[in-house]
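Colleague: Could you take me through the pockets and the ligand site of this model, one step at a time?

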Amino acid sequence: MNTDQKVQKNFKGRDIIDINDFSKEDLLFILKLSRKFDPFFVKRDRSNYTIAQGKIAAVLFFEQSTRTEQSFRSAAQKIGMGIIGFNDPESTSIHKGESFQDTIRIMDSYADVLIIRHPEVGAAKKAAEVAEIPVINGGDGPNQHPTQTMLDLYTMQKIAGKLDGITVALMGDLKYGRTVHALSIALSHFKVRQIMISHPSLTMPKEFLKILDSEGVEYEQLDKLPQRLSADFLYQTRVQKERFTDLNLYKKIKDQFILGKEFAKQLDLGVKLMHPLPRVNEIDPSLDAHPNAVYFAQARNGLYIREALLALVLGRL
Ligand code: NCD
């Protein structure tokens with residue numbers, strides 16, 4: 001078996017819960033495979049409707065979502081899967097008092113893969129302890145969002161042509177933002193310099209910095225955006241209102257890291273602007289048309305990553 005075949009074998013039946021479980025080799029393999037689903041790389045007809053025919057994805061969303069839920073639904077159908085699930089747990093027997101574990105056990109027997117988003121840290125892991133089929137973490141509270149990270153890496157690699165040697169600035173809510181937590185860890189596998197820009201009360205949690213330290217990652221922490229940012233990518237994020245216990249604090253700092261019209265100058269100089277979306281007001285819409293504003297393309301890439309991931313964990317690639 002060559003290395004790719006070995007890595008591929010690794011993925012069958014695998015849970016996608018924590019970005020720390022994925023080696024550099026694993027991540028590069030997923031990125032490579034995702035290209036097979038991307039019309040930018042594959043010009044011929046991309047119909048893959050039979051890859052996972054007969055398989056069922058259960059989409060269990062205990063927290064709001066647009067991109068993650070809908071792109072998983074679209075990806076599953078594009079590779080021939082059927083879909084069951086819910087995005088309003090109050091419409092299920094949870095409303096009658098059924099436990100999380102029992103709900104998972106039941107969905108496990110109706111599906112071939114579970115995709116779960118939940119406001120609690122560790123919820124996807126808890127589901128994986130009960131479920132026999134693969135569980136994919138679509139975001140567990142303020143902790144992690146590993147499939148978002150995969151599409152973020154895919155986007156960076158597609159644009160920069162590489163990951164080693166780039167500089168990435170992460171800005172906004174680094175405390176509660178699960179996307180930046182998982183992304184920062186994944187980038188630590190590559191020779192990437194990281195710049196973290198946030199209000200002092202929203203800095204990257206120590207548990208994640210510790211991992212960066214142990215990997216010898218070069219990073220700096222700033223409390224404002226430099227006049228001239230020296231980075232290949234600026235990854236802007238939303239201040240996570242729903243995670244604050246003190247709403248006055250939220251109100252005080254929510255507008256301190258807005259990118260206005262004047263940021264076009266930095267885009268002109270070559271900084272690429274990313275954002276996991278949804279944005280509230282942290283990027284002025286006048287920037288959207290700039291070729292270096294790549295957040296909508298980034299969201300589209302989520303489809304290709306999720307097609308590849310579903311096929312991989314089902315052992316259908
Ligand atoms: C993010 C999330 O849910 O963590 N959105 C997404 O999945 N693309 C970011 C956010 O809500 O701010």
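The exchange below concerns a predicted model and turns from its pockets to its ligand and then to its backbone.

Colleague: Where does the largest pocket lie with respect to the domains?
Modeller: The largest pocket has a volume of about 390 Å³, and of the 21 residues that line it, R117, R178, R238, L277 and P278 are the closest to its centre. Helices α3 (67–78) and α7 (178–187) each supply at least two residues of that lining. Because domain 1 (3–144 + 302–313) and domain 2 (146–299) both give residues to the lining, the largest pocket lies between domain 1 and domain 2.

Colleague: How do the residues of the lining of the largest pocket divide into nonpolar, polar and charged?
Modeller: Among the residues closest to the centre of the largest pocket are the arginines R117, R178 and R238, together with L277 and P278. Taken over the whole lining, the residues divide into three nonpolar, eleven polar and seven charged.

Colleague: And how do the residues of the lining of the second largest pocket divide?
Modeller: The second largest pocket has a volume of about 260 Å³ and is lined by 14 residues, with L225, P226, E262, F263 and Q266 nearest its centre. Its lining divides into seven nonpolar, four polar and three charged residues.

Colleague: How much of the area that the ligand exposes when taken alone does the protein bury?
Modeller: The residues that surround the ligand include R67, H145, Q148, T179 and Q240. As for polar contacts, an oxygen atom of the ligand is 3.0 Å from a side-chain N or O atom of T68, an oxygen atom of the ligand is 2.7 Å from a side-chain N or O atom of R178, and a nitrogen atom of the ligand lies 2.9 Å from a backbone N or O atom of P276. Taken alone, the ligand exposes 320 Å², and of that the protein buries 94%.

Colleague: Which residues does the cis peptide bond join?
Modeller: The bond in question is found in the loop between β9 (272–274) and α11 (295–313), where P278 has its place and where L277 is also located. L277 has a positive phi of about 60° although it is not a glycine. With omega at about 5°, the cis peptide bond joins L277 and P278.

Colleague: Which residue with a positive phi follows α1?
Modeller: At the start of helix α1 (residues 3–11), a side-chain oxygen of N2 reaches to within 3.1 Å of the backbone nitrogen of D4. After α1 comes a residue whose phi is positive, near 75°, and that residue is G13.

Note on methods
Residues are numbered from 1 along each chain as its sequence is written. This is a predicted model: local features need pLDDT of at least 70, side-chain atom pairs count only at pLDDT 80 or more; totals for chains, interfaces and linings use all residues. Side-chain values use heavy atoms; hydrogens and water are left out. On a 1 Å grid over the protein atoms alone, a cavity is a set of points where a 1.4 Å probe fits but cannot get out, and a pocket is an open set with protein on both sides within 12 Å along at least five of seven lines; lining residues have an atom within 4 Å of a point. Grid points are joined across faces, edges and corners, and a volume is the space filled by probe spheres set on the points. Helices (H or I, at least four residues) and strands (E, at least two) are DSSP runs, numbered from the N terminus. Ala, Val, Leu, Ile, Met, Phe, Trp, Tyr, Cys and Pro count as nonpolar, Asp, Glu, Lys and Arg as charged, and the others, Gly among them, as polar. Domain bounds come from an automatic or database domain assignment. A residue is near a molecule or strand if one of its heavy atoms lies within 4 Å of it. A polar contact is a pair of N or O atoms within 3.5 Å; within protein, one must be able to donate a hydrogen and the other to accept it, and residues adjacent in sequence count only if both atoms are side-chain atoms. Accessible areas come from the Shrake-Rupley method with a 1.4 Å probe; for residues, only the protein chains shown count as cover.
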